[in-house]
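User: I would like to go through the salt bridges of this structure. Could you take me through them?

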Amino acid sequence: MTLTTNQIPSWKKLSLFAVTWPILIDSVLRMMLGTVDVFMLSRISDKATGAVGLANEIIYFCILMFGFVGIGTSVAVSQYIGAGREKEASRIAALAISMNLIFGILVSILLVFFGEPLLVLMKLDPEQIGIASHYLKIIGGFIWIEALSYALSSVIRSSGQTKSVMFVTLGVNLIHVTGNYLLIFGNFGFPEWGVTGAAVSTVVSRLLGVIVLFILLYRKTPARIRTKDYVNWNGSYVKQILSVGLPAAGEHLSWQSQYLMIISFVNIIGITALNTHVYVMNVSNYFMALGMAIGIGTEIIVGQMVGAGEMKEAYRRLIKSVRISFVLTIAIVGTAVIFRRELIGMFTEDPAIITLGATIFLLSIVLEPGRTFNTVVINSLRAAGDARFPVLMGVLSMWGVSVPLAYLLGVHLGYGLIGIWIAFVVDEWLRGTIMLLRWRSRAWEKKALVKPAEAIPDIGIGA
């Protein structure tokens, strides 16, 4: 018997490559929003660059926290689509968008009023606090836009429409680069605002992107979202989102908070170490984008497989994805390491920063494959509904291994930034190994959030 297109299970219509490459491009473009600011402001001074780079670490932390709803939504929507329950997928999507908007507004208020005290706690150089605080207030005051963007992107991607999100992010970047060129340096008669110009350009470009994502939402979702779905707080849907989202948030909170703690160790080491770290991380983020893309792509496919009850297919899909991500990461990082001095030289001419940065880059050959492997497995565990285990193991490794080892090697024993990056390597490989053992145990097979449509009584889901 030959199946028609509509009878083919949704997960069989998706290939890892087709889903992943737009996510990779989208992730790279999103990272460029912060990197472009750092790159362009480096033409003004290293001091401004370091200040904005550290402020962006706080912004990234907040964006990761928005992911607690986005990740829960992505998993729930993927499983509902895989189960053939598209109307419920659209309703849970609308609810998630409302939840993230409310959360985003609360975070905006906190950043405006408590951003500067946080910078002081992170031991930023007093001369840089004023620059970073001003930038943070503008970006932070409108961070709710990014919260909306995260939720909308997660919903659209969950149905396999990853290209659409990629094109929106491309447009946002083009507007951002243009705005930076005009407002940072005062070209073509525009005011020369420096750091303020970078912040304003970021906010405007993100706002325009959200407007386009809303338009796409109504064109790409399997079942149309009704206006009342945004305010209909269905308790079971909220529980499903949070059952995955809250543990994911816990893991992100743990990772970012331990990272900010380690950044304070970097500040103790000195301003050269801080600036070097900022520059290297702005390149390393692109290495991470590959693992994130394969992880999210695998998450979408595995989520739909689990929703359809295809556990063996889901198991095999993750193992294949790990192998692919491992090979690609080694190839890309190995190539980049050859040009490590030139990459750091794009940001600064300081020989001390270039030399230290080049040394740190060598550690990436070991670090990045471990980080990618860790990311891909964790995303698939979440896609299956097994969200608590990764956060428990993550907290133990980050705060029991990464933080104390970073202080011991970087500060106490005097290995500086190199010692801190060695701690990153140990943490990522330890967590990745534990997560893979969890996947092989198949304990996640009992954690699915939904059942296939044919496995539940046909009692309707309401008007």
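Analyst: Certainly. Please note that this is a predicted model. Arg157 is buried, with a relative accessible area of 12%, and Arg157 forms a salt bridge with Asp26.

User: How far apart are the closest N and O atoms in that pair?

Analyst: The closest N and O atoms of Arg157 and Asp26 are 2.2 Å apart. The pair links distant parts of the chain, with Arg157 in helix H5 (residues 143–158) and Asp26 in helix H1 (residues 16–41), 131 residues apart.

User: And Asp26, is that buried or exposed?

Analyst: Asp26 is buried, because its relative accessible area is 0%, under the 20% cut-off.

User: Let us move on to Arg382. What is its salt-bridge partner?

Analyst: Arg382 forms a salt bridge with Glu251, and their closest N and O atoms are 2.3 Å apart. Arg382 lies in helix H12 (residues 351–383) and Glu251 in helix H8 (residues 235–269), so this pair ties together parts 131 residues apart in sequence. Both Arg382 and Glu251 are buried.

User: Which arginine meets Glu251 at 3.8 Å?

Analyst: That is Arg431, whose side chain meets that of Glu251 in a salt bridge at 3.8 Å, N to O. Arg431 belongs to helix H14 (residues 416–441), and the two residues are 180 apart in the chain. Glu251 has a relative accessible area of 8%, and Arg431 is buried at 2%.

User: Which residues are linked with these in a network?

Analyst: A network of salt bridges links Glu251, Arg382 and Arg431 with Glu368, Arg371, Asp427 and Glu428.

User: Lastly, how many salt bridges are found in the whole structure?

Analyst: A search of the whole structure finds 12 salt bridges.

Conventions
Residues numbered from 1 in each chain as written. Predicted model: local features only at pLDDT ≥ 70, side-chain atom pairs only at ≥ 80, totals over all residues. Heavy atoms only, no water. Salt bridge = Lys/Arg side-chain N within 4 Å of Asp/Glu carboxyl O. Helix = DSSP H or I, 4+ residues; strand = E, 2+ residues; numbered from the N terminus. Buried < 20%, exposed > 50% of the residue type's maximum accessible area, 1.4 Å probe, protein only.
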